[in-house]
Amino acid sequence: MSRIGKLPIDIPAGVTVTVDGSVVTVKGAQGELSHTVPAPITAVVEGSQLLVSRPDDQRTSKALHGLTRTLLHNNIIGVSAGFSKALEIVGTGYRAVAKGQGVEFSLGYSHTITVEPPAGISFAVESANKVVVKGADKQAVGEVAAKLRKLRPPEPYKGKGVRYEGEHIRRKAGKAGK
């Protein structure tokens, strides 16, 4: 039995989970998410818990069991508390400014870069050097944060660029002087 897949998922107060065939819909304060459960796996709501089970011990069933449970658990956490990813901007003159719903970045290019959030995602500019990506869908939050980091990835010599909060950049020595 899968160690992760066999664990029941507790449904917190204020979150409703409905199972309609193979589609599990989760509604909460942060929004609504749905997930289609793959064919051999079944999801059942019993009381205040969501149980995920598999019919046999085939390799694909075992793999999908833990994965499906984790994805449903992430949906429940997302609609109740939400997910966030913080980005730091390091470099002289590098900064971010809130522009309506989006963020305008000055990253050393000859122009500024304005990024609008996709549906279900919001940006918070805590300071000129810190941007927080928030949303209910964990995968979407991570993807948007990765796209923002890709605007100016941190370089190894001075460490300038956009990085995740707490990310360690391996530094290079550079040229040796005379």
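How many bridges pair strand 3 with strand 4, and in which sense do they run? In this predicted model, strand 3 (residues 23-28) and strand 4 are paired in the antiparallel sense over six bridges. Within that pairing, Lys27 sits opposite Glu32 of strand 4. The two strands belong to an open sheet of three strands, ordered 2-3-4 with antiparallel pairing. Strand 2 (16-20) and strand 4 (31-36) form the edges, each of them pairing on one side only. Between neighbouring strands of this sheet the turn averages 15 degrees, direction ignored.

Helix 1 (residues 59-80) packs on this sheet, and touches strand 2, strand 3 and strand 4. The direction of the helix makes about 170 degrees with that of strand 4. With 22 residues, helix 1 reaches 33 Å from its first C-alpha to its last, close to the 32 Å expected at 1.5 Å a residue. Its buried residues are a mixed bag: they include Leu72, Ile76 and Val79, but also His65, Arg69, Asn74 and Asn75. Gly66 and Gly78 are on the buried list too. After the helix comes Gly82, with a positive phi near 90 degrees.

Helix 2 (residues 138-150) has 13 residues, and its span from first C-alpha to last is 18 Å, close to the 18 Å expected at 1.5 Å a residue. Which residues of helix 2 are buried? They are Ala140, Val141, Val144, Ala145 and Leu148. These residues lie on the same side of helix 2, because they cover an arc of only 130 degrees around the axis. The general background is simple enough: an α-helix has 3.6 residues a turn, so residues three or four places apart point the same way. On the face turned away from the buried side, helix 2 carries the exposed residues Gln139, Lys147 and Lys150. As for what covers the buried residues, the list includes strand 7 (83-90), strand 9 (102-106), strand 10 (113-115), strand 11 (121-127), strand 12 (130-135) and strand 13 (161-164).

One of those covering strands, strand 12, is home to Val131. This valine is buried, with a relative accessible area of 1%. Leaving aside neighbours within four places in sequence, Val131 is in contact with Lys85, Ala86, Leu87, Ile89, Ala96, Val103, Phe105 and Ala124. Val131 and Ala86 are 45 residues apart in sequence, yet 5.9 Å separates them in space, C-alpha to C-alpha.

Turning to charged pairs, the whole structure holds five salt bridges. Among them, Lys147 and Glu143 meet through their side chains at 3.6 Å, N to O. Both lie in helix 2, four residues apart, about one turn of the helix. Lys147 is exposed, with a relative accessible area of 54%, while Glu143 is partly exposed at 36%. Elsewhere, salt bridges with shared partners join Glu126, Lys130 and Glu165 into one network. In it, the side chains of Lys130 and Glu126 meet at 3.4 Å, N to O, and Lys130 is partly exposed, with a relative accessible area of 22%.

Another salt bridge links the side chains of Arg54 and Asp57, at 3.0 Å, N to O. Is each partner buried or exposed? Arg54 counts as buried, because its relative accessible area of 12% falls under the 20% cut-off. Asp57, by contrast, is exposed, with a relative accessible area of 57%.

Notes:
Residues are numbered from 1 along each chain as its sequence is written. This is a predicted model: local features need pLDDT of at least 70, side-chain atom pairs count only at pLDDT 80 or more; totals for chains, interfaces and linings use all residues. Side-chain values use heavy atoms; hydrogens and water are left out. The expected span of a helix is 1.5 Å times one less than its number of residues. Buried means under 20% relative accessible area, exposed over 50%, partly exposed in between (1.4 Å probe, protein chains only). The arc is that of the directions from the helix axis to the C-beta atoms. Contact means heavy atoms within 4.5 Å. Two strands pair if DSSP finds at least two bridges between them. Axes are lines fitted to C-alpha atoms, for helices over the stretch in contact, and angles run from 0 to 180 degrees between N-to-C directions. A salt bridge is a side-chain nitrogen of Lys or Arg within 4 Å of a carboxyl oxygen of Asp or Glu.
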